[in-house]
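Open the structure in your viewer and keep the selection tool at hand. This tour goes stop by stop, and each stop says what to select.

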Amino acid sequence: MSEPLIEIKDLRVEFNVREGIVKAVDGFNLTINRGETVGVIGESGCGKSVTARAILNMVPKPGKVTSGEILYYRRSKENPSDGQSRTTDVLDLTKLDPDGETIRQVRGGEIGMIFQEPMSSLTPVYSVGTLINEAVSLHRLSPVKRVGAQITETIQTHRRVTKAEGRQIAIEMLRKVGIPKPNERVDSYPHQLSGGQRQRVMIAIALSCEPVMLIADEPTTALDVSIEAQILDIMRELQESSDMAILFITHNLGVVANMAHEIVVMYMGKAVERAKVQDLFYQPQHPYTRSLLQSIPKLGQKKSGERLASIAGSVPDPFHLPPGCVFHPRCPAFMPGRCDTITPQWTQVGDDHWASCLLYEEAGK
Amino acid sequence: MLNYIVRRLVYAVILLVLISFVSFVIINLPPGDFLTQKIEQLRARGDRSAESRVEDYRVRYGLDKPFMTRYATWVVNFAQGDFGESFEYERPVKELLGERVTFTIVLALATLIVVWALAIPLGVYSAVKQYSLGDQIITSISFIGIGMPGFLLALLILYYAVTVLNIEATGLFSQQYVEAPWSWGRVIDLLNHLWIPAIISAITGIGGLTRIMRGNLLDTLGQPFVEAARARGLANRAVIWKHAVRIAINPLIVILGSEALPGILGGGGLVSIVLNLPTITPLFVDSLKKLDMYMAGTCIVLFSLLLLVGNLLSDLALAWVDPRIRLE
């Protein structure tokens, strides 16, 4: 089961702007296995979204992947029925031509993505059906049954889906994501739908090509809490029925606890802790993770007049990162002389539980 | 939809009547009329015989009748296709304009096509390759085009044509072809003259349109739906043209209707005067100066009519290309 799908190795993404260079992602590692959900959490600007875009090789200008690799273990999609001839290629997504044929097949066809802003993520002049059809006609092939002249068994070949088939797929997908009256809604324009419905449509587009992975970049941030729960339910249901991996990016700890098997905590472009969801919430090791968890208000435990816990200080200026561990100016467990000079390394702190903190490097020595 | 169009047409008619009335009033505001000016001129030349004929003229042109009567007569005739008679040329306005309308439209359409065919690709290039060398060059030239008045450019080109190229650059035809019937030589002669006004109008027109296209597209390229389209696996070209330009171009449709269409008759007035082109504008300006009121009034009403029709057409076109717009 734990067969890797995506391996991000020492990824670095820099934005070269007038004021200097911003290291948006700074030596980030992550492995996503097939069919698994990985949650990435962190504050705004910590590099979560940039990492997601790097996977699809579409880091926005003036950003650039400066080093590292993103390996994609690509199974051939052809002939999924015969089982035996499935081959797995390893592709480094960062090395592909950003407008080339290969990455365009991966985008949408093999790795789908949904975005933070459902209100403006659908091109306003096209109907829902047209948008789904556009994706489907790019990526999805339809089996053709053909009876051979000599042999009686059917040979399967593939061709692009036709417009009518695409429309049927669109209706079917809309039904799957829980849009009422999909037969009518398929001709609706984005402005005729609510925010929650638009996010459902985004999911329908992303899943219409049967991807092996879905990147969800804060998919519920812009939605009401009740709608959020519905969207998360849909994503979970569809994942169960399709063995699809999900990279779930959010700053909402509650959401990620519900969705992910494994969680990576990011701070200033670096992964600071990684663990199974239970371990992370019950035994957080990195001081940053602990502070994050403490800042969640808990019902009934608050004494009157007590202030909500927050992380001291503020996010450092990205042009002047502190030396040593980037979290040290805000860290409650700051060790003078060590944390501000030594860059912490990735250390195992438990069973499948890793952190990047000098507290544990010391213990390991 | 049909309901909407009918309603807009009714408004347009009402508006046209109001415009015609106001312009009629304004043309009448200066003291005296065409005849008093004419007599002044004749008197200056020492010709006294005209004074005796003045009353005949006054009756012939209806200038002796009260203002409202004159207006009513003109409007009623106008609606029947009779635009009145030009005092200056002593010929029907319809004939005078008719001669020039063809050239005006040929010239304006030629410019319009050149401007749009160049400005949109240039604007798209400029936005997609923002801050590249190509963008910098296009931007610089655009600003020169916007900043330089057309008549100044016309004078410069005229000077260049006469001194360096040693060709006659004014008018639409050379001397020998002006009155000649249509022939192959006349067409070539026309094309030889047409490029100068076309270039001038193009340079001044392209600049603004390129900048608008560039700005709109830059705004659109930053929209999440563009990124979403790319994440769906569309090729860069398809993302830009089908998802970004398709949205960014909508405001230009309004410009096409409200500026370009009326501009067909009225545009490039100063350039036409400098280059002595037989378009409508020089005639219009002249008629205002000489209080040739039926000529002036007809021009104003025609310009207004084109503006109203242009606005209606652009609204319909916009509703057709953008499903968010509903005509109610």
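**Stop 1: a salt bridge in chain B**

Select Glu88(B): with a relative accessible area of 26%, this residue is partly exposed. Keep in mind that you are looking at a predicted model. Now add Lys290(B), which is partly exposed too, at 24%. The two side chains meet in a salt bridge, 3.3 Å from N to O. What does this pair tie together? Glu88(B) sits in the loop between β1 (85–86) and β2 (91–92) of chain B, and Lys290(B) in the loop between α13 (280–289) and α14 (293–321) of chain B, so the bridge links parts that are 202 residues apart in sequence.

**Stop 2: charged pairs in chain A**

Go to chain A and pick Asp10(A), Arg12(A), Asp26(A) and Lys270(A). Salt bridges with shared partners join these four into one network.

Next, select Arg330(A) and Glu43(A). Their side chains form a salt bridge, at 3.7 Å from N to O. Arg330(A) is in the loop between α10 (287–294) and β13 (347–350) of chain A, while Glu43(A) is in the loop between β3 (37–41) and α1 (48–55) of chain A, so this pair ties together parts 287 residues apart in sequence. Which of the two is buried, and which is partly exposed? Arg330(A) has 8% relative accessibility, so it counts as buried, the limit being under 20%. Glu43(A) has 23%, so it counts as partly exposed.

Now try a pair within one helix. Select Glu101(A) and Arg104(A): the closest N and O atoms of this salt bridge are 3.8 Å apart. Both belong to helix α2 of chain A; they are 3 residues apart, so about one helical turn separates them. Glu101(A) is partly exposed, with a relative accessible area of 48%. Over all chains, the count comes to 25 salt bridges.

**Stop 3: where the chains meet**

Show both chains in separate colours. How many residues of each chain are in contact with the other? The contact involves 28 residues of chain A and 21 of chain B. The area buried between them is about 2,100 Å², and carbon and sulfur atoms give 61% of this. Select Pro124(A), Val125(A) and Glu134(A). These lose the most area to chain B within chain A, together 24% of what that side buries.

Look for charges here as well. The rule finds 3 salt bridges across this interface. Select Arg53(A) and Glu227(B) to see a salt bridge with its closest N and O atoms 2.4 Å apart. Polar contacts across the interface, with both residues at pLDDT 80 or more, come to 9 residue pairs.

Colour α2 (101–110), β6 (111–114), α3 (128–139) and α6 (195–208) of chain A. These are the elements that give two or more residues to the side touching chain B. The largest share, 5 residues, comes from α3(A). By class, that side of chain A has 15 nonpolar, 6 polar and 7 charged residues.

**Stop 4: the cores**

The largest nonpolar core has 105 residues. Ile6(A), Ile55(A) and Leu93(A) are among those with the most contacts inside it. The element giving the most to this core is α6(A), with 7 residues. Centre the view on Ile6(A). Leaving out residues up to four places away in sequence, its contacts include Leu30(A), Ile32(A), Tyr72(A) and Met213(A).

For the last selection, pick Phe83(B), Leu97(B), Met293(B) and Leu308(B). They belong to a second, separate core of 28 residues.

How values were computed:
Residues numbered from 1 in each chain as written. Chains lettered and ligands numbered in written order. Predicted model: local features only at pLDDT ≥ 70, side-chain atom pairs only at ≥ 80, totals over all residues. Heavy atoms only, no water. Contact = heavy atoms within 4.5 Å. Buried area = accessible area lost by both parts, 1.4 Å probe. Polar contact = N/O pair within 3.5 Å; in protein donor to acceptor, adjacent residues only side chain to side chain. Helix = DSSP H or I, 4+ residues; strand = E, 2+ residues; numbered from the N terminus. Nonpolar A, V, L, I, M, F, W, Y, C, P; charged D, E, K, R; others polar. Core = buried A, V, L, I, M, F, W, Y, C linked by side-chain atoms within 4.5 Å. Buried < 20%, exposed > 50% of the residue type's maximum accessible area, 1.4 Å probe, protein only.
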